[in-house]
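Reader: Could you walk me through how the helices and rings sit together here?

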Amino acid sequence: MGWLISRFRYAGRGFRNGAFTDRSIRLQLLLGLAACAAAWWLGCSWQEWLWILLSIALVVSGEIFNSCIEKTIDYISLKCDPRAALIKDLAAAGVSVLCLFAALTGCFIFVPKILEVFAS
């Protein structure tokens, strides 16, 4: 049981010392909170909430992995190397795919509801 508790302690340290200090991750968390507020205000169903929460989790996780990759490259590559730049660019492209998925999910869920509110 102590092993399991220590895993949560490590994760908490990762959030405190890394994730919450990274500007991109904080921005994605803020946008996720805004999406949750919109979902609440628009009265989304539990199925829509699942898609919204999945999108938020994917984007924030992607940003965390991207930050890990960037920090690892910065740690092992002291010189400016085109291979290191490509690795960082690929990680950023992965986050972009997740952001596009989240944006499309938001459009499918929120746009019809917003149009319904303004049509009333």
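A few questions and answers about this model follow.

Author: This is a predicted model, where local features need pLDDT of at least 70, side-chain atom pairs count only at pLDDT 80 or more, and totals for chains, interfaces and linings use all residues. Residues are numbered from 1 along each chain as its sequence is written, and side-chain values use heavy atoms, with hydrogens and water left out.

Reader: Is the ring pair of Trp51 and Phe101 stacked, edge-to-face or tilted?

Author: Rings pair if their centres lie within 6.5 Å, with planes under 30 degrees apart counted as stacked, over 60 as edge-to-face and the rest as tilted. The centres of Trp51 and Phe101 are 6.4 Å apart and the planes sit at 55°, so the pair is tilted.

Reader: How are H3 and H4 oriented, parallel or antiparallel?

Author: Their axes, lines fitted to C-alpha atoms over the stretch in contact, are 9 Å apart, and the packing angle is about 165°. Angles under 35 degrees count as roughly parallel, over 145 as roughly antiparallel, 65 to 115 as roughly perpendicular and the rest as oblique. That makes H3, relative to H4, roughly antiparallel.

Reader: Is Asn66 buried or exposed?

Author: Asn66 is part of helix H3 (helices are DSSP runs, H or I, of at least four residues, numbered from the N terminus). Buried means under 20% relative accessible area, exposed over 50%, and partly exposed in between (1.4 Å probe, protein chains only). Asn66 has 8% relative accessibility, so Asn66 counts as buried.

Definitions and conventions
Phe/Tyr/Trp six-rings, centres within 6.5 Å; stacked < 30°, edge-to-face > 60°. Axes fitted to C-alpha atoms, helices over the stretch in contact; angles between N-to-C directions. Helix = DSSP H or I, 4+ residues; strand = E, 2+ residues; numbered from the N terminus.
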